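The following exercises ask you to read a helix and a set of charged pairs from a set of coordinates. Work through each task with the structure open before turning to its solution.

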Amino acid sequence: MQNENAALTYRPGDWALDHTIADGQAGAKSPPLQALYPEKDQYLIVPAKRYYDRDFAEQEWHKVWSRTWNCAGIACDIPKAGDWFKYELGRESILVVRQGDGSIKAFYNVCKHRGRKLMTEDFGHANTFVCPFHSWSYNQDGSNRRVTDREYFDERALCGDLSLRAIRCEQWSGFVFINLDDDAAPLQGFLDALPTALGAYPFDTMHIVKDVSIELPCNWKLAMEAFLEPYHAHITHSQILPVVDELYNQYDFFRNGHALVVTPVGMPSPRFKDQASINPALAYLLLEAGIDPQTFGGGAQDVRAAIWNAKRNEQNTYGLDYSSYSDSQLTDDWNPSFFPEHDLQCPPRRDHGHAFSAPRQRPHSLPLQRLDPAAQTSRRYAATRLHGRRGTGGRLWRRPGTPSLHPP
């Protein structure tokens with residue numbers, strides 16, 4: 001829809017890019033926020049204390065982090081039996097291990113003898129997990145394999161289960177989630193309708209191109225909130241204004257705190273003066289889709305539809321099958337967020353069809369004294385870590401076999 005028409009009816013949270021899409025289909029507008037969270041107006045102003053108070057951080061740990069499904073990593077990081085990765089969540093260290101039957105299990109990364117951390121690297125392969133303190137060892141399924149010099153122990157000292165303590169572990173589309181709460185509802189129900197909304201994206205068929213890890217001197221919520229809205233884009237990323245409508249966006253809401261923002265790409269922002277001409281950025285998008293901008297007969301408001309048609313063509317320049325995607329998914333930035341710490345950024349990549357980044361924001365796992373004691377209080381109890389493979393959060397995936405302009 002053209003920007004001038006959108007301006008007449010736009011209300012954030014109520015706006016839909018296409019009101020004709022039926023419920024249950026990709027791009028359908030969600031129920032309004034008020035319908036899912038009638039109490040929402042109680043939180044129009046968020047107390048600043050929630051971003052620096054240690055007592056509130058402790059409440060978050062007990063009420064959120066230790067009781068919620070958190071994305072620990074992706075399954076393709078551990079393709080073979082015995083492959084494992086370490087996931088740090090606040091004060092807890094967790095081992096995620098591929099099993100002999102192909103399933104994935106998670107355990108506290110703690111020896112049952114003296115509480116020594118078993119594995120200190122981020123990734124690895126092990127037939128047996130051996131404690132570096134007294135060499136107690138554990139099988140891939142967490143069962144105790146050996147108590148060193150067991151014959152010298154009083155068996156009463158070895159009573160109870162000597163296996164590693166298991167943690168709830170479930171998967172969705174290649175993402176591995178863990179939950180420290182043994183009584184938590186299953187992951188599928190927790191995710192609500194997000195898997196349906198994102199069903200076209202083949203996350204589980206892609207592989208890692210690049211990993212980045214960043215520590216930020218701020219509360220984790222500040223980092224997460226930056227990924228939940230395009231409100232900042234007009235000033236922080238002003239270079240996108242000729243080709244991205246960062247103002248009129250579709251905001252969808254789901255149960256359990258999840259959300260989705262769809263930002264139109266392939267049309268100028270309402271803040272951009274020229275709404276009619278094919279500017280260089282729009283010309284680039286046309287060219288990438290196999291359309292000659294010199295002979296293109298439309299204007300700026302016609303670019304999106306032209307790209308949709310070009311990608312629907314079986315002879316499209318990417319050589320990919322886009323039949324499962326909605327029109328919006330062929331051009332726009334889909335940005336779903338999974339409460340509390342995980343979001344995906346799903347813009348169509350011009351060089352190889354589709355790629356995805358998946359930042360995860362978490363409370364810092366290091367002791368408080370490691371942070372600058374002279375800094376403001378918002379820096380003292382928590383910093384944010386966007387964590388990724390081999391100690392390095394944001395992740396990019398693409399389909400196997402497709403070329404990359406930026407090799408890893």
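**Exercise 1.** In this predicted model, determine which residue caps the N-terminal end of α8, and then establish which residues of the helix are buried.

*Solution.* Begin at the N-terminal end of α8, where Asn279 acts as the cap, a side-chain oxygen of this residue lying 3.0 Å from the backbone nitrogen of Ala281. Next, go through the helix itself, which spans residues 280-288, and apply the cut-off for burial, under 20% relative accessible area; the residues that count as buried are Leu282, Ala283, Leu285 and Leu286. Viewed down the axis of α8, these buried residues fall within an arc of 160°, and therefore they line one face of the helix. The other side of α8 carries Pro280 and Leu287, which are exposed. To find the partner of the buried residues, look to α9 (303-312), against which they pack. Finally, after α8 comes Gly290, which has a positive phi, near 90°.

**Exercise 2.** Consider the salt bridge between Lys29 and Asp252: which parts of the chain does the pair link, and are Lys29 and Asp252 buried or exposed?

*Solution.* Start with the distance, which is 3.4 Å from N to O and thus satisfies the cut-off of 4 Å for a salt bridge. Then locate the partners: Lys29 sits in the loop between α1 (3-9) and α2 (33-36), whereas Asp252 belongs to strand β13 (residues 250-253), so that the pair links distant parts of the chain, 223 residues apart. As for accessibility, Lys29 has a relative accessible area of 18% and is buried, and Asp252, at 3%, counts as buried too.

**Exercise 3.** Examine the salt bridge between Arg312 and Asp327, and work out which helices the pair ties together.

*Solution.* The closest N and O atoms of Arg312 and Asp327 are 3.0 Å apart. Because Arg312 lies in helix α9 and Asp327 in helix α10 (residues 327-331), the pair ties together parts that are 15 residues apart in sequence. Both partners are partly exposed, with relative accessibilities of 35% for Arg312 and 34% for Asp327.

**Exercise 4.** State how many salt bridges the model contains, and identify which residues are linked in a network of them.

*Solution.* With the distance criterion applied throughout, the count comes to 15 salt bridges. The network consists of Lys86, Glu88, Lys117 and Asp122.

Terms used: Residues numbered from 1 in each chain as written. Predicted model: local features only at pLDDT ≥ 70, side-chain atom pairs only at ≥ 80, totals over all residues. Heavy atoms only, no water. Buried < 20%, exposed > 50% of the residue type's maximum accessible area, 1.4 Å probe, protein only. Helix = DSSP H or I, 4+ residues; strand = E, 2+ residues; numbered from the N terminus. Arc of directions from axis to C-beta. Contact = heavy atoms within 4.5 Å. Polar contact = N/O pair within 3.5 Å; in protein donor to acceptor, adjacent residues only side chain to side chain. Salt bridge = Lys/Arg side-chain N within 4 Å of Asp/Glu carboxyl O.
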